Amino acid sequence: MSYDYSALLRQLNLKATPKRLAILGILDEASVFLSPEDIREKMRPSFSKIGLSTVYRNLEELARGNVITKIIHPSRQLYYYFCGKENHHHHFICISCNAVHELDYCPEHEITRTVKKQLKGKVLSHLLQVSGLCNKCLTEKNDQKISGR
Ligand SMILES: [Zn+2]
Ligand SMILES: [Zn+2]
Ligand SMILES: [Zn+2]
């Protein structure tokens, strides 16, 4: 996948700085979620003296602008992911290989109904991210179990 990152940033009123463009390129190319440390390692060839706090700040700015997605990992370690899809959708993350899959499911209807019925309130937005093992990692785990016997 290849996006016009400068146009994407301009659209969101964010300045297309070399660091932001580099981060977007790295995340897009990785196609898995990465930690700020991973991203810094990959930025080092072009930004040799870049500090982790600068990486964090840029990631936060991009996440706030909804250009990248913050990954809610069970380990509480921070991760980020670039998803070019604009319409509302949810992600399934694999905690073994860091893959991210689009989920063809949204519980909006059920949540709206439950909040209305139970709390007499109105839903304006919701967040949902599912973590687990992808099919590839699940198969590998089973194979290991069999060969380990
Ligand atoms: Zn997505
Ligand atoms: Zn996996
Ligand atoms: Zn949804």
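Lys120 sits in the loop that joins helix α5 (108-119) to strand β5 (129-132). In this predicted model, the phi angle of Lys120 is near 55°, which is a positive value in a residue other than glycine. Lys120 counts as exposed because it has 7 C-beta neighbours inside 10 Å, and the cut-off for exposed is 12 or fewer.

A second residue with this kind of backbone angle is Asn98. Its phi is near 65°, again positive in a residue other than glycine. Asn98 belongs to the loop between β3 (90-94) and β4 (100-103). For Asn98 the count is 19 C-beta neighbours inside 10 Å, so Asn98 is classed as partly exposed; 20 or more would be needed for a residue to be buried.

The strands on either side of Asn98 lead to the sheet. β3 and β4 pair in the antiparallel sense, over four bridges. One residue pair can be picked out here: Phe92 has His101 in β4 as its bridge partner. Together with β5, these strands form an open sheet of three strands, in the order β4-β3-β5, and the pairing is mixed. β4 and β5 are the edge strands, each pairing on one side only. On average, neighbouring strands of this sheet are turned by 25° against each other, direction ignored.

Another loop, between β1 (69-72) and β2 (78-81), holds Gln77. Gln77 has 10 C-beta neighbours inside 10 Å and therefore counts as exposed. In sequence Gln77 is 41 residues apart from Pro36, while the C-alpha to C-alpha distance between the two is 9.6 Å.

Pro36 brings the reader to the helices, since helix α3 covers residues 36-43. The axis of α3 and that of helix α2 (residues 18-30) come within 10 Å and cross at roughly 110°. That angle makes α2 roughly perpendicular to α3, because angles of 65 to 115 degrees fall in that class. The crossing in which α2 passes α3 is right-handed.

Which residues meet where α2 and α3 are in contact? From α2 come Ala22, Ile23 and Ile26, and from α3 come Ile39, Lys42 and Met43. By type, the residues of this contact divide into five nonpolar, no polar and one charged. The charged one is Lys42, because Lys counts as charged, whereas Ala, Ile and Met count as nonpolar.

Conventions: Residues numbered from 1 in each chain as written. Chains lettered and ligands numbered in written order. Predicted model: local features only at pLDDT ≥ 70, side-chain atom pairs only at ≥ 80, totals over all residues. Axes fitted to C-alpha atoms, helices over the stretch in contact; angles between N-to-C directions. Helix = DSSP H or I, 4+ residues; strand = E, 2+ residues; numbered from the N terminus. Parallel < 35°, antiparallel > 145°, perpendicular 65-115°, else oblique. Left-handed = near helix turned anticlockwise from the far one by under 90°. Contact = placed C-beta atoms within 7 Å. Pairing = 2+ DSSP bridges.
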